[in-house]
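Student: I would like a close look at one part of this model, namely the packing of its chains against one another and the interior they share. Please treat it as one connected account.

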Amino acid sequence: MHGRSHSQSGMRRPGPVRLLGLAALSILLAQGAAAQETLKLGISAPMSGAAATWGLGMEWAAEQAAERINAEGGLSAGGETYMLDIVAYDNKYSATEGARAAQTMLSRDGVKFVVGAIGTAPVRAMQALTERQGVILFNTAWGKSVKGPDFPYTFTQMNTPFEILEPFYTFVKEQHPDVKTAVLISPNDATGQELEPLAIETWKSLGVEMLASDWYERGTTEFQPIATKIASLDPDVVDFSAAPPGDVGAILKELDVLGWDGVKVMSAGTSVDALTAVAGEAAEDAYLGASADFDGPTATEVQRELNAGAREAIGEPLNGITISSYDAVMALQAAIKAADSVDPAKVKDALPTVRFESSYGPSGFGGEALYGYPQQMLLPVIVTQVKDGKPVELTRTNPAELEALLNK
Amino acid sequence: MQIRSPGVWACVALAVAAVLFALLATNPYHASLVVWILTNAVLAAALRFVLQIGELNIATAAFFGVGAYTTSICAVLLGWPFWLTLLLAPLVAALLSALFGWVTLRTKGPYFLLVSFAFTEVVRLIYTQINVIGGNSGLVGMFPPMAIDAHYPAFAAALLAAALFALYGVERSDLGRLFKAIRNNDAIPRSVGLNVVFLKVLCVVIAAAAVGLAGGLHAYANNVIAPSDFSYFVAILALAYVKIGGEGHPMGPVVGAAVLTLVGQRVAGISAWENIFYGAVIVVALLAFPGGLIGLAGRVRGLVRGGAR
Amino acid sequence: MEVFVQLLANTLQIGSVYVLFALGLTLIFGVMKIVNFAHGAFFTAAALVVTSVMPFATATLGLSLPASYLLAAIAAFAVVLCIGAVVFSFGFQYVLKDLNGSFILSIGLLLVLNGIYLAIYGGAPRSVPQVLPDTINIFGARLTEQRLALVIIAIVVTGGLYLLIERTRLGLALRAVAQDQEAAMLQGMPYRRVALSGFLIGAALAACAGVLMAPINAVTTVSGDEFLIKAFIIIIIGGLGSVAGAIVGGLFIGMVESVGGYFFDPSTATLAMFILVIAFLLVRPQGILGNAD
């Protein structure tokens, strides 16, 4: 009541003192609003340029998770109730912008939990800050270098090649037992460089010889030379490694013209839509290691709902990368409950042992044997294949660690 | 010309204020903001410095990267002391730029522009091909020593401001007048027996040393560097700062960098509109205010004085 | 042997698009003395228009595939010429012959146009069906009829441009202005109008490349920019402002990409291209066919 009379008289005669009072009042009001306790969850992803759809998809999926939790009355910990708010920043896929996004997010906006970060370079830039400042960082980076006991605040929110390649290649080899030779095509970027040695080694362990491992620059427009080379080597398998679907589509189209017809493998393949948009029928029968059919019969109810919503809201279905922010928010919710605190130091100690309901089903964290610290979200490895231009899930297998966890 | 104008003291005061602000800011974001602005200002000032001889040097971006990589390689891979790594950044950048200038400055105008562009891309692609320096992932873990870690933004701001003053000092010296003479017509300096190519190379080298230092400081401020941070686009943004601030005045790059960096922080994250915004600012500034913000301020002041008289 | 025929075919396929793209860039430079960083935006606009008009024409108007492609091509040229006329009359005509000023203006325009494309079309790649999807075999080289048509059209357009420049009044004016603008103006040539014609012809060449590439490669809002860097290299090699140089340079870069990509890998070929340019300039700073300044 008092406040109202102040502001009304202030409006009629705005003297300097009254204006000051008004300012003080607005600060008080702002603090009153803050008492409702909002928990800001950050996202650092490309929101512009060629990879913009990833950032937009990831932001959308995180918002869905936040809305669900808010609709249930928010998140309670330490006697307080918190409403979740997603703030997304454009990291432009580069280290500099990633570092800037991180500084802005952590210092200006006081974010203590990052529920999604895309791009190896920006993630590493961000990690330099989050580990020092004690901020939890969920990310999709594939490198082993971002993991380990030195990085206890860092958690990986999706399967990486270290989880995918072995079961994925083994499955492909089972389908085509007579394949003997392969060619690997990698984009010259951070992910491509992380993936290459592991891919060669894994194929070798399955008895497949690597005839050539070639690189191309992102932004290449003409793929006939590389296609000509592949066709003349005539391998049984072409592995497109971490190449984005548009580029894979372009190469497949050229290979089709040149008459090559073998097993097509995209270990990091996420989006069938983009692939078939470019390659058309030439993409038929390609195997994808990081895609999922979130519309199909093996998808969970949550995934079908999210996918339909995403198509409507952003015009794109979700993929393994973009849906991961939903899973991160769910993991965080469970960990905050378990720790009964929103102190990142306590939450990070709770995360490795927490059980939560991901969009794929029950999940937890593991990977201690491989990385030295249990910071890898355990999710089923899904192999999909392009059939009539649509992704068809062939198998959805839980890693042994997840099986053990579920049966405990 | 020899008498120090009061404007210089105003600039010194401004620089001291910026350093103090970085030193005293309680929010690390605000301190970082000062460093970003000054880094961009040095890039823009160096670009403008070479514009004195009439050349648009896109390779400013490459020398920024060379400085950052030199510092990072020495710090992370070799474990050399902080001061040495920072000292080497401008030296290596200057050395490389001397080589680059000696080869390329026989061309001029559009050729030099395009060659400096190609050089920048070559250097960036070479980083991506070398596994020891992290390939595309780049290098991570450049941290300032604990003793100055807390005050690093102020430290960096002071050195960056010093680089700006150094560039200004050269511009006002006899050497600076020679550079300007080359721009107007390189036949005249040649006719009085001056080695024009040597002067041009010297101009590029001085600018490269300044951005090399900025690159080294950037590496420590950012903790992470990657090849994609040093594409030709860095120079293009620097050119935008110069044009917005005003090419005619030494403070132009600083004003342009400050305005666009601050505004950029506000529009960040709204995807397509960020591009449109930056583009529109450049187009409007170029067509409507050819003298940039400084030129505009000068005109306004002229009008006010004219009215008072 | 077969491999070499295929590599030659690849060189022609890649080179012909580069030639069209670089020709426009070099023509604009010749007449206006500006390095147009926004040239790729013309290409992108044309390709994007094709991807939106073609599905509309086949689905809503019920046209056949070739007819809807033709309609889309006309629409694409119209849109690009409009954009070209607008950016010329509201921008470039004020910075003619100002190398740095026009360069930064073109960068500003590129950012605006790319932002607009992204706002309208989003980031996902778009594609249209090929009009001539069948594959043919020429002396052991395999390519689609669509690609063959592209090469033929590119040759025809390049030949047409050559005739236009060498045999017509407009061509004479363009050449005169490119050689010595002041002398041309003294002889009563309307410089601004000639510059506009040159600019629009350059834009139309980029649009032509965009229309031809749309059914072949997926189109994104930055498709054209990826050709720009190659085109810069081509016009350095060929000599700024030289039409013949753009043709030779375009085919040369096509060959480096085709042969280098085959014997090494595309990444190495890209790097080699840049290093070749710098080496080239050491020997001949004014390009293969450029005139010393």
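Tutor: A residue is buried if 20 or more other C-beta atoms lie within 10 Å of its own. A:Lys92 has 25 C-beta neighbours inside 10 Å and therefore counts as buried. The model is a predicted one, and the values below are computed from it. A:Lys92 is placed in the loop between β3 and α4 of chain A, and its phi is near 50°, a positive value in a residue other than glycine.

The two elements that flank this loop lead directly to the contact with chain B. There, 24 residues of chain A are in contact with 23 residues of chain B. On the side of chain A that touches chain B, at least two residues each are supplied by β3 (80–90), α4 (95–108), α5 (120–133) and α7 (190–205) of chain A. The largest share, seven residues, comes from α4(A). By class, this side of chain A has 10 nonpolar, 10 polar and four charged residues.

The contact between chain C and chain B takes 35 residues from chain C and 34 residues from chain B. On the side of chain C that touches chain B, α4 (99–121), α9 (223–238) and α11 (266–283) of chain C each supply at least two residues. Here α4(C) gives the most, with 17 residues. The class composition of this side of chain C is 28 nonpolar, seven polar and no charged residues.

The interior can be taken up next. The largest nonpolar core has 344 residues, and those with the most contacts inside it are B:Val42 and C:Val50. Helix α10 (residues 196–222) of chain B provides the largest share of this core, 17 residues. Chain A also takes part, as the core draws at least three residues from each of domain 1 (38–159 + 301–377) and domain 2 (162–288) of chain A. As for C:Val50, when its neighbours within four places in sequence are left aside, its contacts are C:Ala72, C:Ala73, C:Ala76, C:Val128, C:Val211 and C:Ala214. Apart from this core lies another, of five residues, among them A:Val257, C:Ala9, C:Leu12 and C:Ala141.

Within chain B, helix α2 (residues 28–51) has 24 residues. From its first C-alpha to its last it reaches 35 Å, close to the 34 Å expected at 1.5 Å a residue. α2(B) is mostly covered, with 20 of its 24 residues buried.

The chains that meet chain B can now be described in their own right. Chain A has 15 helices and 17 strands. Its C-alpha atoms fill a box of roughly 85 × 50 × 40 Å along the principal axes. The radius of gyration of chain A is 24 Å, which agrees with the value near 22 Å for a compact globule of 408 residues. Of those 408 residues, 58% count as buried. Among the contacts in chain A with a separation of 6 or more, 65% are between residues 24 or more positions apart.

Chain A is divided into domain 1 (38–159 + 301–377) and domain 2 (162–288). The centres of these two domains of chain A, taken over C-alpha atoms, are separated by 30 Å. Where they meet, 12 residues of domain 1 are in contact with 10 residues of domain 2. The side of domain 1 that touches domain 2 has five nonpolar, six polar and one charged residues.

Chain C contains 11 helices and two strands. Its elements run α-α-α-α-β-β-α-α-α-α-α-α-α from the N terminus on. Its radius of gyration is 19 Å, close to the 19 Å that the globule rule gives for 293 residues, so chain C is as compact as a globular protein of that length. The C-alpha trace of chain C spans about 55 × 50 × 35 Å along its principal axes. Buried residues make up 56% of the 293 residues in chain C. Among contacts in chain C between residues at least 6 apart in sequence, 74% join residues at least 24 apart.

A lysine of chain C completes the account. C:Lys33 is found in the loop between α1 (2–32) and α2 (39–59) of chain C. Its phi is positive, about 60°, although C:Lys33 is not a glycine. C:Lys33 counts as buried because it has 21 C-beta neighbours inside 10 Å.

Technical notes
Residues are numbered from 1 along each chain as its sequence is written. Chains are lettered from A and ligands numbered from 1 in the order in which they are written. This is a predicted model: local features need pLDDT of at least 70, side-chain atom pairs count only at pLDDT 80 or more; totals for chains, interfaces and linings use all residues. Helices (H or I, at least four residues) and strands (E, at least two) are DSSP runs, numbered from the N terminus. The radius of gyration is taken over C-alpha atoms; the globule rule is 2.2 Å times the number of residues to the power 0.38. A residue is buried if 20 or more other C-beta atoms lie within 10 Å of its own, exposed if 12 or fewer, and partly exposed in between; C-beta atoms are placed from the backbone. Two residues are in contact if their C-beta atoms, placed from the backbone, lie within 7 Å. Ala, Val, Leu, Ile, Met, Phe, Trp, Tyr, Cys and Pro count as nonpolar, Asp, Glu, Lys and Arg as charged, and the others, Gly among them, as polar. A nonpolar core is a set of buried Ala, Val, Leu, Ile, Met, Phe, Trp, Tyr and Cys residues joined through C-beta atoms within 7 Å. Domain bounds come from an automatic or database domain assignment. The expected span of a helix is 1.5 Å times one less than its number of residues.
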